Amino acid sequence: EREVYSTTRCYPSTPTEGRQVAIKVQRPGLERKVALDFFVLRKLLAYATQQAGSVLEGTEVELVQAVLDEVGNGIFDELDFNKEAAHINRFKATYSADLADMGMVVPEVVPQLSSERVLVTEWLDGEAPRDLDPSKRCALAQRAVKCLAMQLMTDGFIHCDPHEGNLLYLNDTHTALLDFGLMATMRSDHQEAMASGVLNIMAGNYEALVPIFQGMGILDQNRDDLRRPGVEETFAAALERCMSGDELGDELGEATTDAKKAKLVQAEDGADRRRAFGQLYEELGELALNYYFVIPSYYILVMRAFVTLEGIALSADEQFNMYNVAAPFARRKILNPKTAEGRAFLTTALTTPEGRKAMALGLGIPGGGAGAGAGGGAETQKGGARSDGRGRKRALVRRVGGMIIGAGGRVVDGVGGVVPTLVRSVRRSVLRRREKGKPRSAG
């Protein structure tokens, strides 16, 4: 028997056909209890707004209300197991190939035995994360984080409740993902902006984050000045201060040196970067008091999912870096834009030194910038030494990525000029390989 969330219980059973299944049963009277909880929360919000008076602006109250509605709608969706069954089927159909490559397993639904308040799926035997040794726990978290980054940077249909109770360690190569009641669908333009944000944070391009965060819908696009009254520091400067950890020493004194080091990770270029995505999430919340934020309500669910998985990973490996795991998926998203905003981010990534540096980090190419093409070649030689096909594919991706970044350095008129340049570069590379493969003539 497993307790699933606080609203249901899950029981193993073996129906007449002999297949062991999991039966998820909703607790009686739950809808009324949830409705009462949210009624009380709405009353509390109204009271807080009334007491705050002019301190809160109308947009802030609307934002809090939108978040409350988003969470409430999500929980009510969880109470309809027909919707959860549809979520499972859609998730498997959308990501089947990626799930297989990552070793992520999603249980099959038994539709003929399921209903609005009873969900029957195949039973999966595994170990809960809390019962695992650090190495297994880290492996589980790595798979789960990659899976979440894949969802975020591909189709944007996201499992928003990947806590320890919804993950099972099946074996050394497979992890199970359970409970598909709380889901979110992310807009394509927000996905592309977030992908650009991941790489620019890694590169330390804080000025670039202002238009990126506006593209994500986090910052108010209708304001030229994002600062609230009385705030002098620009948003980019405040974000850089948070990411470098300077606020710890300023607020708490020199005695915080050890604490500061514990919260920072040393990047390859010698600069301090915040290791934990959760820390950035908390600091953005604090910055919202000084700058005009308009965070889309479903972001709360998506960010919560990332913070939850990162917590599991950090409990097993203190050196875990969420950005490094997300970078390959972010790179892929930027290189395949579907919106005008995404194409603008790609243009910036290919035609500015800061953008090429961010792309180089996403590709794992040392050096970055205009010399990234050479870096890609070096990585190709390194990857070529590997005997497995995966290593050769990774090396090819990095080489092509180096070509793209190098081509971007020569483009002045946007992405339109990149494609023919890239095609010519690839064609020359193929012709050189063919020439090398031809036998030399006797003459």
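## Helix, rings and charges in a predicted model

Let's start with helix H5, residues 188-203: at 1.5 Å a residue, its 16 residues should span 22 Å, and the end C-alpha atoms sit 23 Å apart, which agrees. Keep in mind that what you're looking at is a predicted model. How many of the 16 residues of H5 are buried? The count is 15, so this helix is mostly covered, given that buried means under 20% relative accessible area. Right after H5 comes Gly204, and its phi is positive, near 75°.

### Rings that pair up

Now for the aromatic side chains. The structure has six aromatic pairs. One of them joins Phe235 and Tyr291 in an edge-to-face arrangement, with 5.5 Å from centre to centre and 75° between the planes. Where along the chain do Phe235 and Tyr291 lie? Phe235 belongs to helix H7 (residues 235-244), while Tyr291 is in the loop between helix H10 (277-287) and helix H11 (299-316), so to get from one to the other you travel 56 residues; the pair links distant parts of the chain. Are these two residues buried or exposed? Phe235 is buried, with a relative accessible area of 3%, and Tyr291 is buried too, at 2%.

Elsewhere, ring pairs connect Phe91, Tyr95, Phe157 and Phe180 into a cluster. Phe157 also has a charge for company: the charged end of Arg90 sits over its ring, 3.7 Å from the centre. You can find another such arrangement at Tyr292, where Arg223 lies over the face of the ring, 3.6 Å from the ring centre.

### Charges that pair up

Side chains of opposite charge can pair when their charged atoms come close. In this structure there are 10 salt bridges. Here are three to look up, with the distance between the closest N and O atoms and the separation along the sequence.

| Salt bridge | Closest N and O atoms | Separation in sequence |
|---|---|---|
| Asp179 and Lys24 | 3.3 Å | 155 residues |
| Glu31 and Arg117 | 3.6 Å | 86 residues |
| Lys92 and Glu108 | 3.4 Å | 16 residues |

Take the bridge between Asp179 and Lys24. Asp179 is found in the loop between strand S8 (174-177) and strand S9 (183-185), and Lys24 in strand S3 (residues 21-26), so their pairing ties together parts that are 155 residues apart in sequence. Both partners are tucked away: Asp179 counts as buried at 7% relative accessibility, and Lys24 counts as buried at 8%.

Next, look at Glu31 and Arg117, another salt-bridged pair. Glu31 sits in helix H1 (residues 30-52) and Arg117 in the loop between strand S4 (104-105) and strand S5 (118-122), so this pair ties together parts 86 residues apart. How covered are they? Glu31 is partly exposed, with a relative accessible area of 34%, and Arg117 is partly exposed as well, at 41%.

The pair of Lys92 and Glu108 also links distant parts of the chain: Lys92 is in helix H3 (residues 81-102), and Glu108 is in the loop between S4 and S5. Glu108 is partly exposed, with a relative accessible area of 36%.

Which residues are joined into one network by salt bridges that share partners? They are Lys24, Glu84 and Asp179. So when you trace the bridge between Asp179 and Lys24, look for Glu84 as well, since it belongs to that network.

Note on methods: Residues numbered from 1 in each chain as written. Predicted model: local features only at pLDDT ≥ 70, side-chain atom pairs only at ≥ 80, totals over all residues. Heavy atoms only, no water. Phe/Tyr/Trp six-rings, centres within 6.5 Å; stacked < 30°, edge-to-face > 60°. Helix = DSSP H or I, 4+ residues; strand = E, 2+ residues; numbered from the N terminus. Buried < 20%, exposed > 50% of the residue type's maximum accessible area, 1.4 Å probe, protein only. Lys NZ or Arg CZ within 6 Å of the ring centre and 35° of its normal. Expected span 1.5 Å × (residues − 1). Salt bridge = Lys/Arg side-chain N within 4 Å of Asp/Glu carboxyl O.
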